[in-house]
Amino acid sequence: MKILSIESSCDETAAAVIEDGRKILSSVVATQVEEHKLYGGVVPEIASRRHCEAINGVVRETLAQAGMTFGELDALAVTYAPGLIGALLVGVNFAKGLSLATGLPLIPVHHLRSHIAANYLAHPELEPPFLCLVVSGGHSHIVEVKSYTEMKIIGKTRDDAAGEAFDKAARTMGMPYPGGIHLDKAAELGDPDSFRLPHPKVSGAEYDFSFSGLKTAVINLIHNAEQRGEALPVSDIAASFRKAVVESLTDNFMRAADDLGYHTLVLAGGVSANSLLRKKIDEKAEKSGRRCFYPPLELCGDNGAMVGAQAYYEYLSGNIADIGLNAAATMSIEL
Ligand code: KG4
Ligand code: ZN
């Protein structure tokens with residue numbers, strides 16, 4: 001089954017053709033990051049406009065790279081939630097128009113489910129059930145993936161998402177948007193034990209996360225140093241911050257895996273590109289005799305391929321949209 005999938009939930013306009021949920025026939029990502037960089041973060045109105053401009057060309061290029069016409073496709077898929085509402089609406093309306101024009105069924109895909117499915121494209125042997133740490137710019141969840149379409153959230157952030165915390169800390173250190181990757185690189189050169197930062201715990205909810213206290217602590221540390229006119233040891237601060245975030249994520253994730261008896265661990269979302277997070281999960285999985293998977297770097301961030309992967313399984317479970325499909329800024333991964 002060949003699905004043409006469209007993603008426009010944030011600042012990448014992307015599309016792909018995916019075969020049977022596992023094979024990428026083509027994938028095109030048009031990023032807007034250079035423009036949002038000017039403002040230090042995504043400007044929703046600009047994002048919507050750029051999606052409008054890019055989407056037709058991205059879809060045409062995706063079909064061309066696959067060497068296919070609409071007539072050779074079996075279905076269409078689109079990210080419909082969660083995300084920036086104006087940005088999502090561009091993809092959803094474009095996909096509904098295509099569905100009407102071609103007669104192809106349209107499959108609605110939840111953005112975080114698609115981040116998880118990025119793993120199916122890279123790891124043919126991976127099948128649910130497994131425990132997944134979904135960490136992106138907007139979400140930090142520990143999710144029981146019971147089947148391809150049945151999910152249960154067992155832990156989540158009480159305030160900032162991990163990616164958001166990385167981006168805000170990086171911005172205070174003078175790094176360009178999106179800061180996560182720059183902070184990660186700077187951290188490689190620093191001493192992770194140079195600053196004592198809080199290791200946040202949420203009392204009474206042992207799998208939940210809280211990053212806002214940690215973020216405030218690092219911002220205060222930087223501002224205090226600046227006020228005293230001291231040179232900022234950026235790499236050391238980055239390394240200490242990254243260690244604190246990664247320890248919080250991995251401690252809760254491993255505790256949940258122990259308590260619930262999961263032997264397969266999966267990382268998903270933009271922050272799964274973090275080099276320390278990948279290393280720590282590998283180490284902990286190996287020590288405890290578990291299997292661990294994460295997407296290749298090019299599939300960690302937003303892309304159309306992951307949407308087509310999840311869409312295949314949504315289709316098999318009967319999840320087909322009608323012409324009334326709407327976008328939603330928020331929606332639980334449990335659906
Ligand atoms: O999943 P994603 O591409 O978009 C959302 O759905 O939000 O995630 C983007 C987030 C950004 O906050 C970005 O800074 C973060 O992922 N990120 C990283 C790294 N690469 C991307 N955070 C930490 N370390 C990285 N290497
Ligand atoms: Zn995303």
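A residue is called buried here when its relative accessible area is under 20%, exposed when that area is over 50%, and partly exposed in between, with a 1.4 Å probe and only the protein chains considered. The structure is a predicted model, in which local features need pLDDT of at least 70 and side-chain atom pairs count only at pLDDT 80 or more, while totals for chains, interfaces and linings use all residues. Residues are numbered from 1 along each chain as its sequence is written, chains are lettered from A and ligands numbered from 1 in the order in which they are written, and side-chain values use heavy atoms, with hydrogens and water left out.

The broadest view is that of the domains. The domain assignment, which is automatic or comes from a database, divides the protein chain into domain 1 (2-116 + 299-316) and domain 2 (128-295). Taken over C-alpha atoms, the centres of domain 1 and domain 2 are separated by 27 Å. Contact, meaning heavy atoms within 4.5 Å, links 20 residues of domain 1 with 21 residues of domain 2.

Where does ligand 1 lie with respect to domain 1 and domain 2? Ligand 1 lies between them, because both domains give residues to the shell around it. That shell holds 19 residues, and the closest are His115, Gly137, Asp167, Gly270 and Asn274; a residue is near a molecule or strand if one of its heavy atoms lies within 4 Å of it. The residues of the shell divide into 5 nonpolar, 11 polar and 3 charged, where Ala, Val, Leu, Ile, Met, Phe, Trp, Tyr, Cys and Pro count as nonpolar, Asp, Glu, Lys and Arg as charged, and the others, Gly among them, as polar.

Several atoms of ligand 1 make polar contacts, that is, pairs of N or O atoms within 3.5 Å; within protein, one atom must be able to donate a hydrogen and the other to accept it, and residues adjacent in sequence count only if both atoms are side-chain atoms. A nitrogen atom of ligand 1 is 2.9 Å from an N or O atom in the side chain of Asn274, an oxygen atom of the ligand is 3.2 Å from a polar backbone atom of Gly180, and an oxygen atom of ligand 1 is 3.4 Å from a polar backbone atom of Asp302. On its own, ligand 1 has 560 Å² of accessible area, of which the protein covers 86%, areas being computed by the Shrake-Rupley method with a 1.4 Å probe, and with only the protein chains shown counting as cover for residues. The elements that give two or more residues to the shell around ligand 1 are α4 (111-122), α5 (162-172) and α6 (180-187); helices (H or I, at least four residues) and strands (E, at least two) are DSSP runs, numbered from the N terminus.

Helix α5 can be followed further. In α5, the residues Ala162, Gly163, Ala165, Phe166, Ala169, Ala170 and Thr172 are buried, and the buried residues of this helix pack against β6 (130-135), β7 (140-145), α6, α7 (212-227) and α8. After α5 comes Gly174, whose phi is positive, near 85°. In the loop between α5 and α6 lies Pro178, and the peptide bond from Tyr177 to Pro178 is cis, with omega near -10°.

Strand β6 contains Leu133, which counts as buried because its relative accessibility is 0%. Not counting residues up to four places away in sequence, Leu133 touches His141, Ile142, Phe209, Leu249, Phe253, Val266, Leu267, Ala268 and Leu277. In the loop between α4 and β6 is Pro129, joined to Pro128 by a cis peptide bond with omega about 5°.

Pro129 is also one of the contacts of Thr264, which, neighbours within four places in sequence left aside, include Leu126, Phe130, Leu131, Arg291 and Phe293 as well. Thr264 is found in strand β9 (residues 264-268), and its relative accessibility of 17% means that it counts as buried.

Helix α8 (residues 234-260) holds Ser240, a residue that counts as buried because its relative accessibility is 3%. A polar atom of the side chain of Ser240 lies 2.8 Å from the backbone oxygen of Asp236.

Asp20, in the loop between β2 (12-19) and β3 (23-31), is partly exposed, with a relative accessible area of 33%. Its phi is near 50°, a positive value in a residue other than glycine.
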